[in-house]
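Dear colleague,

Here is the structure I promised to hand over to you. Please open it alongside this message, and read the notes below with the chain in view.

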Amino acid sequence: MNKNPRIALSIAISPLLLVLSACNQEPAQPSLTEAPLAGAAIGGDFTLTDQNGKKRAWKEFDGQYRIVYFGYTNCPDICTPDMQNLMAGLKAFEKTKPELAAKIQPIFITVDPKRDTPDVLKQFVGAFHSRALGLSGTDAEIADAAKKFAIYSSRVEGSSPENYLMSHSQTPYLMGPDGKPIAILPADQPNTDANEGAPKLVEAELEKWVR
């Protein structure tokens, strides 16, 4: 029997300290092999034009995580809220994990290249995040990129040739440094009261997968 009170006290406290230490640790991140889109045939090479008129290739972002969203600037009720949520989530992540957030490149790719010129995209993406890239191109270039990312888009004719909508997939991707898909980020569903794409939910997904 140990009669030294100091040693006895130390033995009694040690397990408690281990428990407290474990409670203070952040939850372990799951392996990227467990990611929802791991192994999916989504993504691929493209060359498009950014908001400054510069040609940008998918491969030049190797080594970076990428938030990729296909939409268009005249979208009446989906694309703007989605971009607001996504970029607000990224900004929140930048405050808590600045070094990790710096590894993420946000990319908006238009499905309406006729109207979304580089100048239009510059104003649009600049309203949401200073590092966001807005990419456009020819109809063929956009169609090729959309196909590689499993994005559906179709023109819905309006009352005039210039007054039309674009029906498209609402799919914000988180892509890994190797250019392969990791997960679909949260997005708000129209006609519901809840904000399924709230910035805190986006931030939580970034915390889960970016390392």
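The crossing of helices α2 and α6 is right-handed, and please keep in mind throughout that this is a predicted model. Helix α2 covers residues 79-96 and helix α6 covers residues 199-209, and their axes, which come within 7 Å, cross at roughly 55 degrees. An angle that is neither under 35 nor over 145 degrees, and that also falls outside 65 to 115, counts as oblique, and α2 and α6 are therefore oblique to each other.

If you would like to look at the residues that make this contact, α2 contributes N85, L86, A88, G89, L90, A92, F93 and T96, while α6 contributes P199, V202, E203, L206 and E207. Sorted by class, the contact of α2 with α6 has eight nonpolar residues, along with three polar and two charged ones.

A second place to look is H168, which lies in strand β7, residues 163-168. Is H168 buried or exposed? Its relative accessibility is 14%, and because buried means under 20%, H168 counts as buried. Leaving aside residues up to four places away in sequence, H168 touches Y69, F70, G71, Y72, C75, C79, V111, Y152 and S153.

As for the protein as a whole, it has six helices and nine strands, and 40% of its 211 residues count as buried. Its accessible surface comes to about 11,400 Å², of which 56% belongs to carbon and sulfur atoms. Among contacts with a separation of 6 or more, 70% are between residues 24 or more positions apart.

With best wishes

Note on methods
Residues are numbered from 1 along each chain as its sequence is written. This is a predicted model: local features need pLDDT of at least 70, side-chain atom pairs count only at pLDDT 80 or more; totals for chains, interfaces and linings use all residues. Side-chain values use heavy atoms; hydrogens and water are left out. Axes are lines fitted to C-alpha atoms, for helices over the stretch in contact, and angles run from 0 to 180 degrees between N-to-C directions. Helices (H or I, at least four residues) and strands (E, at least two) are DSSP runs, numbered from the N terminus. A crossing is left-handed if the near helix is turned anticlockwise from the far one by less than a right angle, and right-handed if clockwise. Contact means heavy atoms within 4.5 Å. Ala, Val, Leu, Ile, Met, Phe, Trp, Tyr, Cys and Pro count as nonpolar, Asp, Glu, Lys and Arg as charged, and the others, Gly among them, as polar. Buried means under 20% relative accessible area, exposed over 50%, partly exposed in between (1.4 Å probe, protein chains only). Accessible areas come from the Shrake-Rupley method with a 1.4 Å probe; for residues, only the protein chains shown count as cover.
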